[in-house]
Amino acid sequence: MRPVYVVSGGVSKFAKARPDKTFQAIVKEAYDYSIQDIGLDFPTFNSLVDGSVASYFSDHFSRQLMSGIMAQDYLGLCPKPSHRVEGGGATGGLCFQEAWKAIASGHMELCVAYGFETMSRVETWKGNEFIALASDVSWDYPVGGFYSGYYAMMVTRHMKEFGTTVEQMATVSVKNHTNAYYNPYAQKRHRYSIEDVRNSPMVAWPLTRLDICVMSDGAAVTLFASEDGLRRLEAAGAKVRRPLVRVTGIGRGTDAMRMADRPHVDYETFIRDYATEQEKDSDETRAYYKVLWDRGTRYPGVHSFRAGRTAGNMAYKHAGIDDPLNELDFIELHDAYTSSEIQTYEDLGLCRYGEGGAFATSGKAFMPNVEYDLDLEHAPLCPVNPSGGLIACGHPVGATGLMQGVFAMWQLQGSIGIHFKDDTLQVEGAKRGAIHSHAGTGTYVTVSILEQEA
Amino acid sequence: MAEIPKKRPETLGGYVVHGIPFPKETDPDSLAFLKRMAPLQIEQEYKITYLHSYGQDSPWFAAASNKRLLANRDSKTGYTYATPRGHDMYSGEETEWIDISTRKASVHAFTVCHFGSEEFLPETPFVLILVEYEDVDTLFMARLVGVDPLAASLDWIGMEIEPRFLRNSKLKPTDVYFIPRAAEA
């Protein structure tokens, strides 16, 4: 595989509703920003790029099939090659990796990944119905199809097995909302307390409105290049920011659509097939897991995301990461729910299964230069969702995974201050980060590793 | 106590308006002004009736309408699916039907939905559960009734429950629902 660079990106401001523009024109906002950021004009860039990948989740939201080609057309990219990818909430992460593949395989030298969603075209509860149609319509949807309900069921099991608390979940909401206060792209820029989170309206017990991300209109674009592609851009006058940012690892995992169908494997199978290398090498951790299994824990059940663990392990192996907590400088992960952020800490090996709640309140996932008004035991070690994540930035599904890619690239370029007009969220000295994209109850999960070029 | 609303609900629908404001002349200044025009939004209705097939899962619905609960099992390994599955995910072999109507059942996980998709909003708050059956390897999503949805508790997990069937089958998975076993008279 050839080296793959992400060289530029753009994000439209995510908003509850953008009736002022069609989805194509919102994509163009992000596209134009990414071109201007490397100092090129539209016709020059379009003459250089080889093709694209389009990312959007639902045809229902805009009652429009083949939206991808309409964006391709609007961006002036016809007749260059393109295709649409779709995988629920992970659509953007899948798109990021498909563009990576186009470059890594040698099929393209310059590839645009663009993603979008306009969710405001239907009312909120109809939108929830559309999202719930991404569950089995024979067996799950008719029982009360509602994704917040599905995730709530998963976390009640997590709480029962591991003692995770609603206050630990609320801490994630406080962290991510507070971070977003400094992110001008974020849809929600509010400071909340744990009490605010718990006192907001109950949506699906125990998840309140402030435990859950919101629906959004928005778009994001990431530009991928090979070494030849970089040379092509710079020969045309592009000023690609240094240090360069390379995608050094990708991983994906899947699981059964019906969470009821997911296995409950024994201790030996878990250690053999799912434990991280770090966990396998630790006598103490294997003993810890043995105790959990003796108490009745089985994996993944509905408390954990096997797809997330699989994607993380694969990406870490690809990038040569043994100790993610200490070898990653930040992570932008898919926090559609505060509970799923906690579950994902565990899947990604930032802590052991069962320890996600305590990890959430430890302080290790917080930003160093932000005041949260919380009593945190540890200094920040690996900030999670420095941007504010989905909970605060919003979740225009097809754009979300690419938004994470753009924010991660800016972190590694050291250009957060330029794009956010504020340095607060710049992770100082960031050399390596991860992005994590996740679809319905953990059906598709992608993890991609981005690094500063040495 | 229910929260007192502070704003009126937004709904679609309303008057049909004839005559959209537009410049009387299309001179350059007037055309340039159109860039400052607010977007027009219209309602588009979309309805469709699907002829949905339950395919190989159909016997489950026929059974539920006759007050029996079926499951699928791999005949060689005995791996059993509470939610029907025509082929085993490990052997790839076709599964067989078994009757689990009298198996012990308990709550594996739950939530109380205070909001929901549009279709289910009128039913809120309702309790969703994943049912765990004795000697069955996978779970089954269902509704739990007979508990106070406003008194949710983690203690519900592990609670023994038993199935009840709608007398008038709707041929949906909700033809079966569960109640706490202790609630039986």
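The questions and answers below go through a few local features of this predicted model.

Trainee: How far apart are the end C-alpha atoms of helix H1 of chain A, and what span should its 15 residues have?

Mentor: Helix H1 of chain A covers residues 23–37, and the expected span follows from 1.5 Å a residue, so the 15 residues should reach 21 Å. The end C-alpha atoms agree with that expectation, being separated by 22 Å.

Trainee: Is H1(A) mostly covered or mostly uncovered, and how many of its residues are buried?

Mentor: A residue is counted as buried when its relative accessible area is under 20%. Among the residues of H1(A) that meet this are A:Phe23, A:Ile26 and A:Tyr31, and what covers the buried residues includes strand S1 (5–11), helix H2 (42–48) and strand S7 (217–225) of chain A. H1(A) is therefore mostly covered, with the number of buried residues being 11 of 15.

Trainee: Which residues does A:Val122 touch, leaving out those up to four places away in sequence?

Mentor: A:Val122 sits in the loop of chain A that runs between strand S4 (110–118) and helix H5 (124–132). Its C-alpha atom is 9.1 Å from that of A:His60, although 62 residues separate the two along the chain. With those sequence neighbours left out, the residues that A:Val122 touches are A:Phe61, A:Gly127 and A:Phe130.

Trainee: Which strands of the chain B sheet stand at the edges?

Mentor: The sheet is open and antiparallel, and its 3 strands follow the order S2-S1-S3. Each edge strand has a single partner strand, so one side of each is left without a neighbour in the sheet, and these edge strands of chain B are S2 (80–81) and S3 (96–99).

Note on methods:
Residues numbered from 1 in each chain as written. Chains lettered and ligands numbered in written order. Predicted model: local features only at pLDDT ≥ 70, side-chain atom pairs only at ≥ 80, totals over all residues. Heavy atoms only, no water. Helix = DSSP H or I, 4+ residues; strand = E, 2+ residues; numbered from the N terminus. Contact = heavy atoms within 4.5 Å. Expected span 1.5 Å × (residues − 1). Buried < 20%, exposed > 50% of the residue type's maximum accessible area, 1.4 Å probe, protein only. Pairing = 2+ DSSP bridges.
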